[in-house]
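Here are my notes on the model, written as numbered points. Please read them with the structure open beside you.

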Amino acid sequence: MIIAERKPVGEIVDMTRDHKKVLVLGCRGCVTVCSAGGEREVELLASLIRLGAKKEGRKIEVQEGTLVRQCDKEYVDSLDNWKGKYDAIVSMACGVGVNFIANLRPTTMVYPAVNTTFFGGSADQGVWTEQCAGCGNCVLHLTGGLCPVARCAKSLMNGPCGGSQNAKCEIHSEVDCIWQLIHDRLERLDRKEQMLEVAPIRDWRPAGHGGPRKTLRDDLSV
Amino acid sequence: MSDFTPNIKAFCCHYTSQQTCAEGTEGLKQDGFPESVSLFRVPCTGKIQVSALLQAFEDGADAVYVVGCPVDSCHNVKGSQRAAKRVVAVKQALSELDVEAERIEMFHLERGFHPEFVAVAQEMDKKIKELGPSPLKGESA
């Protein structure tokens with residue numbers, strides 16, 4: 001899922017300072033699962049925006065809402081339910097949601113309430129770790145299912161780099177060296193010889209270095 | 001600031017406040033429990049959401065505190081630990097709003113009647129009288 005974390009409250013209060021009526025809009029997708037922008041977080045942020053405004057002696061009306069997703073037009077269309085009740089939206093969705101609202105509501109001001117950080121999973125209660133970089137050219141079949149693009153500090157395709165110590169990364173000493181894990185896993189799977197194959201120089205265009213990416217599925221568009 | 005009477009809301013779990021509250025309002029008063037503190041009893045502090053703590057500030061509290069079981073002997077195992085984390089979350093939010101983080105506190109107390117139950121109320125009362133009204137009430141803007 002997409003992992004996000006709420007921006008500092010002061011920053012969000014600053015964004016909304018010029019507005020009298022705002023809609024704090026959550027998303028029931030990824031940001032609900034990572035506790036950054038679901039219904040509960042909407043309630044908290046709405047409260048904090050009201051308190052921040054009150055502290056400055058300002059009056060602000062704060063509406064609360066949560067969409068099934070903010071990354072689909074059909075759900076963004078349901079913003080009509082709050083028509084006339086807000087003059088700006090504070091989106092607690094990932095950056096995709098903020099962009100979708102900006103795309104579909106040309107005259108509505110929309111602000112991001114979260115920092116969208118990475119694609120990851122829940123490693124433990126309250127802990128999320130990056131697992132995928134969305135690089136557009138998956139090599140997991142060569143690396144035992146462990147991603148060197150997202151999980152190696154240098155995104156090396158022919159690791160390890162030689163700097164790891166005691167199976168930990170030299171950049172972040174608390175992080176496992178992913179190439180050590182790849183080696184150990186391939187060894188357990190009796191596929192260690194895969195490590196000897198030299199990966200060619202990578203074309204990073206599918207990773208976004210060639211501009212915004214787009215997927216077309218002709219079979220789905222009618 | 002000496003005539004300022006704070007509005008302090010205290011959330012207490014059933015177990016830490018049971019015997020103390022059995023004395024009733026008058027009994028508490030005789031023990032020196034400050035009148036500035038309003039008690040809200042909950043089955044377990046682990047049930048208190050961050051939103052409830054913020055709502056207390058929205059409702060005009062100058063300070064809020066939570067009294068739960070000792071960290072390692074909560075009746076519901078981890079309830080008071082959860083509450084403590086939520087109090088820290090509110091402290092963080094208050095700091096981000098440039099409001100004194102000590103306007104919210106967590107206390108871990110033993111069950112039964114203990115002078116500490118009254119002492120923490122007096123401590124909060126004294127501290128908040130020194131700090132003055134909460135900026136979140138918008139009265140100083």
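1. Start with a contact in chain A. The charged end of A:Arg202 sits over the ring of A:Trp204, 4.5 Å from the ring centre. Keep in mind throughout that this is a predicted model.

2. Next, the domains of chain A. The domain assignment gives domain 1 as 2-118 and domain 2 as 134-207. Their C-alpha centres lie 37 Å apart.

3. Now the sheet in chain A. Four strands form an open sheet in the order β3-β2-β4-β5 (chain A), and the pairing is parallel. At the edges stand β3 (61-67) and β5 (109-112) of chain A. Each has a single partner strand, so one side of each is left without a neighbour in the sheet. From one strand to the next, the twist averages 25°.

4. One pairing in this sheet can be followed residue by residue. Strand β2 (residues 21-27) of chain A runs parallel to β3(A), and 7 bridges join the two. Within this pairing, A:Leu25 has A:Gly65 in β3(A) as its bridge partner. Helix α3 (residues 39-55) of chain A packs on the sheet. Helix α3 of chain A touches β2, β3 and β4 (88-91) of chain A, and its direction makes about 165° with that of β3(A).

5. Turn to chain B. Here 4 strands form an open sheet in the order β2-β1-β3-β4 (chain B), with parallel pairing. The edge strands are β2 (37-42) and β4 (104-108) of chain B, and each pairs on one side only. Neighbouring strands of this sheet are turned by 20° against each other on average, direction ignored.

6. Two pairings in the chain B sheet deserve a look. Strand β1 (residues 8-13) of chain B pairs with β2(B) in the parallel sense, over 6 bridges. There, B:Lys9 stands opposite B:Ser38 in β2(B). On the other side of the order, β3(B) and β4(B) run parallel and are joined by 5 bridges. B:Val66 stands opposite B:Met106 in β4(B).

7. Is edge strand β4(B) mostly covered or mostly open? It is mostly covered: 4 of the 5 residues of β4(B) are buried. One helix to check here is α4 (residues 79-96) of chain B, which lies across β3 (63-68) and β4 of chain B. Helix α4 of chain B runs at about 160° to β4(B). Helix α5 (residues 115-131) of chain B also packs on the sheet, touching β1, β2, β3 and β4 of chain B. The direction of helix α5 of chain B makes about 165° with that of β3(B).

8. Last, the aromatic rings. Over all chains, the structure holds 3 aromatic pairs. One of them joins B:Phe33 and B:Phe117. Why is this pair called stacked? The ring centres are 6.0 Å apart and the planes stand at 20°, so the pair meets the stacking cut-off of under 30 degrees.

9. The same two residues also link distant stretches of chain B. B:Phe33 lies in the loop between α2 (24-30) and β2 of chain B, while B:Phe117 lies in helix α5 of chain B. The pair therefore ties together parts that are 84 residues apart in sequence. Both rings belong to buried residues: B:Phe33 has 7% relative accessibility, and B:Phe117 has a relative accessible area of 2%. The cut-off for buried is under 20%, so each of these residues qualifies.

Key: Residues numbered from 1 in each chain as written. Chains lettered and ligands numbered in written order. Predicted model: local features only at pLDDT ≥ 70, side-chain atom pairs only at ≥ 80, totals over all residues. Heavy atoms only, no water. Domains from an automatic or database assignment. Pairing = 2+ DSSP bridges. Axes fitted to C-alpha atoms, helices over the stretch in contact; angles between N-to-C directions. Contact = heavy atoms within 4.5 Å. Phe/Tyr/Trp six-rings, centres within 6.5 Å; stacked < 30°, edge-to-face > 60°. Buried < 20%, exposed > 50% of the residue type's maximum accessible area, 1.4 Å probe, protein only. Lys NZ or Arg CZ within 6 Å of the ring centre and 35° of its normal.
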